[in-house]
Every structure is written in structure tokens, then in C-alpha cells.
Amino acid sequence: MSSEASPAASAPTMRAMQFLEYGAPADVIHEARVPIPEPRPDDILVEVKAAGVNPYDWHFYRGDPYMIRATSGLRRLRHPRIAGADFAGVVAKVGENVTNFSIGDRVFGERGEGGALAEFVAVPAENTATMPLTASFEEAAAVPMVALTASSALRDVGKLSPGQSVLVNGASGGVGVFAVQLAKAWGASRVVGVCSGRNKELVLSLGADAVVDYTRENYWEGGEEYDLLVDVQNSQPLRRSLKAVKQDGTYVIVGGGGGKLMGPGGPVMRAMAQGLFKRQRVAAVFAQSRGEDLARVASLIDDGKVTVPLEKVYDWADTTTAMERLESNRVSGKLVVRI
Ligand SMILES: NC(=O)c1ccc[n+]([C@@H]2O[C@H](COP(=O)([O-])OP(=O)(O)OC[C@H]3O[C@@H](n4cnc5c(N)ncnc54)[C@H](OP(=O)(O)O)[C@@H]3O)[C@@H](O)[C@H]2O)c1
């Protein structure tokens, strides 16, 4: 028998936060040593410095909604999955077709298949962008998924025009803090955020013209109608929310709510179906990873028009604590894990 080690055994490895079972983060997410991914021709390999966490992440390690299990495995995952989607770091290798990035560049982006909670991640170059010059790795890692979602809700789906008014329901969470700021940066005449009283100062500090404290007032009963309602939390039936939207206005559902089977997908489909019979336009957001959109957000950050509110930066060893906090649905701004 040969004494040579197999190529797989000698392949360079990295630390990664991985899971194979569904369940609570402390039970299922464990540090593992896995091979460093090899970038494909259109990919870059990024040495991750920080990873942002999103509700998106817990849907996968909880296997909740069950719909997710149809593709990833019924009782347990078919293959181990590395947690995390959002990352910021330094380019360590470029695929042979990549011309717009070089080794050493500071980049940020999102990998929808997971993999950001690791020392390295390989991603299509077109889904990444150069980090804002003024941002730390921790700040940049907090941006991709939520800013891309907010950007899509306002521009691609909401068709926001300068001078319009915008209501953001769920203004203090990850998507909301970017929706408020991007709406202002893109010329909305009035932006109102729905949040609880404890987050009022945060949302006003981001440029909102006013807030509605949902623990004391109903945003659909205030008498004010908006051109665009970005519904991040989907906390009310559509018929109520539409009372706050002008007859020729648009309601955009982002997420929130839903049952064990379909998760947020259920309310999204229900809203779309009900919307067929409403005067207002009703639409949903399915955010895409697009480097060009991220680059647009990066320049707004560098221009000082958008800031990145971080509730907390966690150490690598506290990753599951970050996930537990995320699941509370009480995070103000964003949570990030330092790699
Ligand atoms: N469609 C897409 O492509 C897409 C992309 C990204 C995210 N999403 C979905 O969007 C949703 C929100 O994501 P996120 O990252 O913004 O979540 P998040 O940061 O975890 O949201 C937490 C925030 O929501 C606030 N909140 C909780 N209940 C509320 C209510 N009834 N009314 C108003 N605010 C409330 C909390 O403030 P208080 O504690 O003060 O209430 C907290 O600040 C999730 O369901 C996520 O899955 C969808």
C-alpha cells in the first residue's frame, strides 16, 4: 500500500460554522474543518473578515418553513451546509475569467447558498462589489442582503420616484434601516418608519421624517396615505395596510410572518392573490445578489448618505448566541460575527 496521503487529505482546510441537523443554533451549528473552496472561472475566493447574519440563515438551520426541507433534506440535510450568507473580506484568489478584482481587494457580498461563516468563501465575482472605503469589515458585512432587499423594494418593485412619500413597516430591523435611508437618499419627500418606541431615536437618526410607534398607534388609522408602503414585517392583514396606501400607490411585501409550512412565502402569495382585486398595486420582493446594486449602496455609504447601524459585533466563538438573538425578532439594526 502506498504511504502517500490522498489529495483530499492534504487539501488545505479552513474553519467553518457548519450544520447537518435541523434545530436550535447551539445544538446544530458546530465548528468544523472543511476544504477551502476552489473558485470557479467566474468566481473570486474571499478571505472572510466578518459575516452578517439574517433571518434567512435561521430558516435553513431550523428547517423552518418545511418547504425548505423539500430541497435540502426532510429529516436532516443531505449535505452539511456552512451557515451565513453576507460577508466582507479580502480577495485571496481570482478565477481565470475575472477581470474586475485583484488579490488584496476589499470586497463584500452575499452567497445565497450559505458559506459566509467560514475563513474563506468562493462567490461569483458579479455578485460582489468593492467595499465602501469608509466602512470597517464589520460594517460592510452587515450590508449586502438587507440593502439589496431594501433597494429592490424601493426601486425595482416599488418604482420610487423623487418627491414620493414612503412608509416602512419594520423600520428598525435590518431591511428597514436601509429602506428608510435609501428612500431618503433617492429623493422621497417624506419617509415614515413604523417601529416600537425603544427604536424611535434610531429610526429618526437615519433620516425618517416621523415614526409611528406600533405599540401605541395603528399606522393604517393615522389618516395619512403614502405613495409606497414597504412592508418588512407584514404584521397586519393586507386590507389594513392598504388603508395607508394612496389609490394609485404601491404596496410591497418583503417578509415577516407565515406558518411552518410556507413561512413568509405563504403571506406573500396570499397578498399577491388578494392584490389582484385591489385598486393599489401589490407586489413582492425576491432580492437578487447583484454587485452593481451593492456598488451603488457602497457609494452612498462613502458619501455619508447611508450609515450602518450595528446592534452588536460577536466573536466567532459566540456565533450561536448571535443566531439566538437574531431569532428574537428584536434586533435594532444588524448583527455581525467577526471571523
Ligand atoms: N423578500 C426578500 O427577498 C427578503 C430579504 C431579506 C429579508 N426578508 C424577510 O424580511 C423580514 C425582516 O428581515 P430583517 O432582516 O429586517 O429582520 P430583523 O432585523 O430581524 O427585524 C427585527 C426588527 O423588527 C422589528 N419588529 C418586530 N416586530 C415588529 C412589528 N410588529 N412592527 C414593526 N416592527 C417590528 C423589531 O423592532 P422591535 O423589537 O422594536 O419591535 C426589530 O428591530 C424577515 O421575515 C426576512 O426573512 C425578505
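Student: Of the 27 residues around the ligand, which come nearest?

Tutor: The structure is a predicted model. In this model 27 residues surround the ligand. Those that come nearest are Ser196, Tyr214, Val285, Arg330 and Val331.

Student: How many residues of the shell around the ligand are charged?

Tutor: By class, the shell holds eleven nonpolar residues and 14 polar ones. The remaining class, the charged residues, has two members.

Student: Which residue has a polar backbone atom 2.8 Å from a nitrogen atom of the ligand?

Tutor: Two side chains have polar atoms close to oxygen atoms of the ligand: a polar side-chain atom of Ser172 lies 2.7 Å from one, and an N or O atom in the side chain of Arg198 is 2.7 Å from an oxygen atom. The contact with a ligand nitrogen atom, at 2.8 Å, is instead made by a backbone atom, and that atom belongs to Val254.

Student: What percentage of the ligand's area does the protein bury?

Tutor: Taken alone, the ligand exposes 940 Å². Of that area, the protein buries 89%.

Student: Which elements give two or more residues to the shell around the ligand?

Tutor: The shell draws at least three residues from each of domain 1 (7–143 + 308–338) and domain 2 (146–284). The elements that contribute two or more residues are α3 (55–62), α6 (144–157) and α7 (174–185).

Student: Why is strand β9 largely enclosed by the rest of the structure?

Tutor: In a regular strand, side chains alternate between the two faces of the sheet. On one side of β9 are Ser165, Leu167 and Asn169, on the other Val166 and Val168, and all are buried. The strand, residues 165–169, is therefore largely enclosed because the number of its five residues that are buried is five.

Student: Which residue in β10 stands opposite Val168?

Tutor: Strand β9 is joined to strand β10 (residues 190–195) by five bridges, and the two run parallel. Within this pairing, the residue of β10 opposite Val168 is Gly193.

Student: Is Val192 buried or exposed?

Tutor: Val192 has its place in strand β10. Its relative accessible area is 2%, and a residue under 20% counts as buried. Val192 is therefore buried.

Student: Is Lys159 buried or exposed?

Tutor: Lys159 lies in the loop between α6 and β9. Although it is not a glycine, Lys159 has a positive phi of about 50°. Because its relative accessibility is 53%, and over 50% is the cut-off, Lys159 counts as exposed.

Definitions and conventions:
Residues are numbered from 1 along each chain as its sequence is written. This is a predicted model: local features need pLDDT of at least 70, side-chain atom pairs count only at pLDDT 80 or more; totals for chains, interfaces and linings use all residues. Side-chain values use heavy atoms; hydrogens and water are left out. A residue is near a molecule or strand if one of its heavy atoms lies within 4 Å of it. A polar contact is a pair of N or O atoms within 3.5 Å; within protein, one must be able to donate a hydrogen and the other to accept it, and residues adjacent in sequence count only if both atoms are side-chain atoms. Accessible areas come from the Shrake-Rupley method with a 1.4 Å probe; for residues, only the protein chains shown count as cover. Helices (H or I, at least four residues) and strands (E, at least two) are DSSP runs, numbered from the N terminus. Ala, Val, Leu, Ile, Met, Phe, Trp, Tyr, Cys and Pro count as nonpolar, Asp, Glu, Lys and Arg as charged, and the others, Gly among them, as polar. Domain bounds come from an automatic or database domain assignment. Buried means under 20% relative accessible area, exposed over 50%, partly exposed in between (1.4 Å probe, protein chains only). Two strands pair if DSSP finds at least two bridges between them.
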